[in-house]
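This briefing accompanies the structure displayed below and is arranged by topic. It begins with a single loop residue and then turns to the chain as a whole, a helix pair and several individual positions.

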Amino acid sequence: MKKSVKKVLAAVLALVMIAVCFTACGDKGGKDAEKAILIGSTGPLTGDASSYGNSVKNGANLAVKEINAAGGINGIKLNFDMKDDKATAEDASTGYDALMDAGMKISIGSVTSGSCAAFGDKAASDNLFFITPSASAANVIETGTNAFRVCFGDPDQGVLAAQELTKAYKNIGCIYDTSDPYSSGIFDAFKAEMNKLGAQFQLQTFDAENKKDFSTQAEALKNCDVVFVPFYYTEAGLVAKAFAAKGSKAVIYGCDGLDGIADQVAGVDAKIMYITPFDVNSTSEVTTKFVTAYKAEYGAEPDQFAADGYDAIYTIYNALVKAGFDDVDMDVSDLCDLVVKTITDPSFKYEGATGTMTWNASGACTKVPQIVELG
């Protein structure tokens, strides 16, 4: 009987030891799993603007992969998730809620301006830090002190375009989308600067209901030396084709939304120029490193939006490292205050694929633009 009791006790003890082992392993795994923070975002992964969203997503994922491979932030890994907002404010708002439910601590906001304004309103209420890669409308960073961006703002691009065009051309035309915040914002700044410079220009418009056929606009402006097109590459490509069909030699001149137009105008007799912070052919060490890594990861060259996404993640990373971040349980609002204090410090700068950047309390990014020429 004694031997039998001993055997039973031994079996019980063995089961207890196994249970303790599994519990310990489970606790360890739980702690390891907590050693990560979620960076959230929304962007158009489907629909007409999906090129932008998927490029930003690819660039961001590449940055996260590199950072995690190098050990993360004091051993804390980064997780990244982008919800599909189809470039609509409603879906961006829904995506924000889903990300907060999933434990989002910090963000790169939304990809397009209309979506990011809605995202920003919610982020302001929670005092969640975000730095959008590409939402350039002025109001995007006016939602709160927590809002920043990597790209140029629309007013900056409009002013720069007016200054550059008046230096090189006399007969200037312009087409803009009256229904789009990105296009309207750039145009308003362009018009104001043209007035300031005492320069004249011919104007044509379109809206969301009429953006497939630009023959009327091309006919009206075909004799211009240059036509300013502050909107996205999908419509700009159609504009270039319409002008070529009219035999026009006008230069089609746009802003960062034209990144991606090369494939749209292959074989079209048109000269296209656009303002951008990113040139895939740059010899900058940081840019070439990014381009090489992106090609290896995705088998294609990155566009400006991919570079913006990459830089947005690395800006957050550098700010957290400089701030000495090591607490995954830090409150969202406290984390925001920490990052804002760090990123707006005059000593903070980030040398990225889209240039060397600094920020002030307005959330605007300061860097030098480049002009890309096609055709």
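Lys-86 is partly exposed, because its relative accessible area of 44% lies between the 20% limit for buried and the 50% limit for exposed residues. The residue sits in the loop that runs between strand S2 (77-84) and helix H3 (89-101), and its phi is positive, at about 55°, although Lys-86 is not a glycine. The model is a predicted one, and every value below is computed from it.

**Backbone with positive phi**

- Most residues other than glycine have a negative phi, which is the background against which two loop residues are described here.
- Asn-127 also has a positive phi, about 50° in this case, without being a glycine, and its place is in the loop between helix H4 (113-126) and S4.
- Is Asn-127 buried or exposed? With a relative accessibility of 18%, Asn-127 counts as buried, because the value falls under the 20% cut-off.

**The chain as a whole**

- The protein contains 11 helices and 14 strands, and its C-alpha trace spans about 110 × 40 × 40 Å along the principal axes.
- Of its 375 residues, 48% count as buried, while the accessible surface comes to about 16,700 Å², with 52% of that area belonging to carbon and sulfur atoms.
- When contacts between residues at least 6 apart in sequence are considered, 69% of them join residues at least 24 apart.
- The protein carries 32 positive and 48 negative charges, and the mean positions of these two sets are 9 Å apart.

**Helices H2 and H9**

- The axes of helix H2 (residues 50-69) and helix H9 (residues 285-298) come within 11 Å of each other and cross at roughly 100°.
- H2 is therefore roughly perpendicular to H9, since the crossing angle belongs to the range of 65 to 115 degrees.
- Which residues of H2 and H9 meet? From H2 the contacts involve Ser-55, Asn-58, Gly-59, Asn-61, Leu-62, Lys-65 and Glu-66, and from H9 they involve Lys-289, Phe-290, Ala-293, Tyr-294, Glu-297 and Tyr-298.
- Thr-287 is also found in helix H9 and counts as buried at 3% relative accessibility.
- Beyond residues up to four places away in sequence, Thr-287 touches Phe-278, Asp-279, Ser-282, Gly-352 and Ala-353.
- For one of these partners, Ala-353, the C-alpha atom is separated from that of Thr-287 by 4.3 Å, although the two residues are 66 residues apart along the chain.

**The loop between S4 and S5**

- Ser-136 lies in the loop between strand S4 (130-132) and strand S5 (147-149), and with a relative accessibility of 0% it counts as buried.
- Apart from its neighbours within four places in sequence, Ser-136 is in contact with Ser-113, Arg-149, Cys-151, Phe-152, Gly-153, Asp-154, Pro-155, Gln-157 and Tyr-182.
- Ala-137 is likewise placed in the loop between S4 and S5, and Ala-137 is buried, with a relative accessible area of 4%.
- When residues up to four places away are not counted, Ala-137 touches Ser-113, Arg-149 and Asp-154, residues that also appear among the contacts of Ser-136.
- From Ala-137 to Thr-344 there are 207 residues in sequence, and the distance from C-alpha to C-alpha is 20 Å.

**Buried residues in helices H6 and H11**

- Ser-184 belongs to helix H6 (residues 181-197) and is buried, with a relative accessible area of 15%.
- Outside its neighbours within four places in sequence, Ser-184 is in contact with Tyr-176, Asp-177 and Thr-178.
- Cys-336 is found in helix H11 (residues 332-343) and counts as buried at 1% relative accessibility.
- What does Cys-336 contact, leaving aside its neighbours within four places in sequence? Its partners are Asn-127, Leu-128, Phe-129 and Asn-146, and among them Asn-127 is the loop residue with a positive phi of about 50°.
- Cys-336 and Ile-261 are 75 residues apart in sequence, and their C-alpha atoms are 36 Å apart in space.

Methods:
Residues numbered from 1 in each chain as written. Predicted model: local features only at pLDDT ≥ 70, side-chain atom pairs only at ≥ 80, totals over all residues. Heavy atoms only, no water. Helix = DSSP H or I, 4+ residues; strand = E, 2+ residues; numbered from the N terminus. Buried < 20%, exposed > 50% of the residue type's maximum accessible area, 1.4 Å probe, protein only. Contact = heavy atoms within 4.5 Å. Areas by Shrake-Rupley, 256 points an atom, 1.4 Å probe, with all protein chains shown as cover. Lys, Arg positive; Asp, Glu negative; His and termini not counted. Charge placed at Lys NZ, Arg CZ, Asp CG, Glu CD. Axes fitted to C-alpha atoms, helices over the stretch in contact; angles between N-to-C directions. Parallel < 35°, antiparallel > 145°, perpendicular 65-115°, else oblique.
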